[in-house]
Amino acid sequence: MNKPSEQRSLNRAQNSFRLSELSPEHITEIYDSFHIEDDRTGLSSETLQRAIADNLYYIQGKFPEIATLYDYYMAVAYTVRDRLLHRWINTVKTYREQDVKVVCYLSAEYLPGPHLENNLVNLGIYDQVQQAVESSGLDLRSILAQEEEPGLGNGGLGRLAACYMDSLATLEIPAIGYGIRYEYGIFDQEIREGWQVEITDKWLRLGNPWEIPRPENAVEVKFGGYTEPYTDDQGDYRVRWIPHQVVNGIPYDTPISGYRVNTTSTMRLWKAEAPESFDFQAFNVGDYYGAVDAKIISENLTKVLYPNDEPIQGKQLRLEQQYFFVSCSLQNLLKIHLLRGDPIETFHEKFVIQLNDTHPAIGVAELMRLLVDEYLLHWQKAWDITQQAFAYTNHTLLPEALETWPLNLFGSLLPRHLEIIYEINQRFLDQVRLKYLGNPDKLARLSLIEEGGSKRIRMAHLACVGSHAINGVAALHTELLKEGVLKDFYDLWPHKFTNITNGVTPRRWMVLINPRLTQLITREIGETWITQLEDFKRLESLAEDPAFRQEWRRVKRAVKQDLADYIQAHQGLTLNPDSIFDIQAKRIHEYKRQHLNVLHIITLYNRIKHNPRLAVPPRTFIFGGKAAPGYQMAKLIIKLITSVGEVVNHDPDICDLIKVVFLPDFNVTNSQRIYPAADLSEQISTAGKEASGTGNMKFSMNGALTIGTLDGANIEIREAVEADNFFLFGHTSEDIVDLKAQGYVPKTFYNTNPALKEAIDLIASGYFSHGNRALFQPLVDQLLQADPYCLLADYQSYIDCQDQVGQAFQDQDTWTKTAILNVARIGRFSSDRAIREYCREIWWVNPVSIHLEEYQQAKASLAGEHCLDADACPF
Ligand SMILES: *Cc1c(COP(=O)(O)O)cnc(C)c1O
């Protein structure tokens, strides 16, 4: 039987009208009155063409004489969405009816990229839609270009979440991705006078055809206030939370298609709104403006994504965002569980919750609160459920990136959660004390609370204690976690630790972005690789085939030409498609060392200036990436790249042998033009700093060779493609630790390496800044005086390796063979492999296939079962 508080929440009908109270006959009548034809969502180009015309008319309210390209995009998007909904509804229905275990991915960021083309690929209707559109005299590419991508993430972490959603659906694993519907996503980047300028991303301005709001499923989230103890009717000690403020969470659902399967999962993003009752209350006392203010304050919660790659320490709004989406999501899960008729005690058997970094780690305390305070479970029972439900993925080794919250701030916003964290900590430390007799240091290191000056809550510790599994995202990263930041937890619970190396989806990162290479590969080895990327192995023998190599080269050149055309059109720069396309595209960060790349460019430049007849292979250096708005050094690195480009690109002595391009606004859309066009992928972070990287995988998959350090997944990529087919340089992570332990003095490298000295001196001299020596002074000083990321120590090794690259590129035939081998051996880096590992080792979930019911059948079975619910939960 439901507990009283459960009953209350079930009764809190958002709608006065409940379909479940209707008779089966009445439901059949309703269905009949809809008159939906089975052909409504047909996939032939004729049906599609008719549907597009209908949607233009009935949804956009336009006719061809006045319709804009954007109107056509919307009409096509709605047409495709209708096809998805058919599959989505069948998916939801199947999960409601069958007793399936569901993966809940909690992520504060998603970077899915444009939806339309991906859905065309996954549904297998690209050609039909193209034909339908062309029959109406339109061009599909220009329609696709209308879509504004949801930039709801900063970079790798958000993009990983999107790749995982794609793989989950493709592998038919029941899943929901929960997140935040930021009204403004990651800023758009413009370059003005060589500097980054941030423009707000108003991605929702023209509407979003992919989301369906579900206001009837709104959830209440409490903030602030105080707690008070009471004794329940069983005589048990209980706590009540009396909040200062309540905010409503409105779910917006986006269907996520799988590749050529019917499974269509849900990405459910929460938007904050002021609860209706707030307005009414204020209205009654006559404070209309006060009510409007409250509404604005509430809605600020999901207004903007923090544009920082690293956690923002101490920003209350950020903590509010995290708690808000986690609370909405967990309340939603509990409701789904109870609506399926399952007892609260079996929650962890039906759901597993993956924490994408510590951003949603407050979920551990929130689930405890819901189970203990609202569902009245005993602590120990609630704790067992919580620990078994959660799993935690760590994404960073940078100590400054480990998320902690000042205890005062935390306690004033979430007073009940602070108490719960104290209780979790006390019980945890009691357990630790038994294991490590008289070791106060150990207790202090493991505690969920950081003592000292001002106390802080350690979110990674909360995630570790509250989870049954902890994973890193590449082999080296997981090892370094076990030896470093999470060592004490590893000593305590070695069985909880696993490595799951990241992966990327070959649907978007190959089929969608590189149709030419997709076609060539498929012609040779069939198309099974699209869902079993290990089948790329079959390309190995073709690496020896001269005719195949020639075709491969032709494809690569055509793809490079596409990028060159794009850059010509947008930046007015002419590129040589036969030059080496040497590309570094990722967030700008000192540890990623874009400035090491610049030191190589300047070194080449100096060489040519000293010896104008020097035979060097022509190179085009392409950069892309955003800098966090408050990260001055990263912004200065962008200015350095563009300034060096200004000089080098126009120096007649260089004879166009070197070109430097900064492509503005690196987002998923732009990245899709970049990855396929690379000859050389720059993965040059300081060893031990990049957790995994996924850009490295996307470049390799598209036939670039990598120049890289032994960092993150580079190590595993190098093992997979074999050492001969990878340009390795630089110190290992162990070397770096030793170097620093011995007292690293970057000046020594500067003083003993003339080419390095010349490059740095040229920057310092104002040569690239119209004589302004002050401009790059902070960057030069940082390198000469501290160089925390050891650029100077790795400089010579990098230059030598780049010289080998230049040499190797002269032999196009061998280069192409190496590129083919890279692709043939990259199969492991599919996100499908990663998701299979999560399923087997952490989630314990199985695929559930979805059969499409035709409309008439659905009508019959729904009426028979009589199971609709006005709460209209996804399951
Ligand atoms: C893949 C991707 C990233 C991550 O790149 P790394 O090289 O792994 O840092 C960041 N941003 C976008 C848009 C991406 O597609």
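**Exercise 1. Find which atom of the ligand lies 2.6 Å from an N or O atom in the side chain of K698, and place K698 in the model.**

Step 1. The atom is an oxygen of the ligand, 2.6 Å from an N or O atom in the K698 side chain. This is a polar contact (a pair of N or O atoms within 3.5 Å; within protein, one must be able to donate a hydrogen and the other to accept it, and residues adjacent in sequence count only if both atoms are side-chain atoms).

Step 2. A word on what you are looking at: the model is predicted, local features need pLDDT of at least 70, side-chain atom pairs count only at pLDDT 80 or more, and totals for chains, interfaces and linings use all residues. Residues are numbered from 1 along each chain as its sequence is written, and side-chain values use heavy atoms, leaving out hydrogens and water.

Step 3. Helix α27 (residues 695-701) holds K698; helices (H or I, at least four residues) and strands (E, at least two) are DSSP runs, numbered from the N terminus. K698 counts as buried because its relative accessibility is 5%, where buried means under 20% relative accessible area, exposed over 50% and partly exposed in between (1.4 Å probe, protein chains only).

Step 4. The side chains of K698 and Y675 share a polar contact of 3.3 Å.

Step 5. In the unreviewed UniProt entry, K698 carries the feature "modified residue: N6-(pyridoxal phosphate)lysine". UniProt positions follow the numbering used here, feature names are shortened, and annotations may be inferred rather than shown by experiment.

**Exercise 2. Work out how many residues surround the ligand, and which are the closest.**

Step 1. The count is 14, and the closest are K586, K592, T694, G695 and K698; a residue qualifies if one of its heavy atoms lies within 4 Å.

Step 2. K586 places a polar side-chain atom 2.8 Å from a ligand oxygen. T694 uses a polar backbone atom, also with a ligand oxygen at 2.8 Å.

**Exercise 3. Decide whether R458 is buried or exposed, then trace its surroundings.**

Step 1. R458 sits in strand β15 (residues 456-458). Its relative accessibility is 16%, so R458 is buried.

Step 2. The R458 side chain comes to 3.0 Å from the backbone oxygen of A444.

Step 3. Beyond neighbours within four places in sequence, R458 has contacts (heavy atoms within 4.5 Å) that include E403, T404 and A444.

**Exercise 4. Sort the residues of strand β6 (residues 219-223) by covered and uncovered face.**

Step 1. V219, V221 and F223 form the covered face, while E220 and K222 form the uncovered one.

Step 2. Side chains in a regular strand alternate between the two faces of the sheet.
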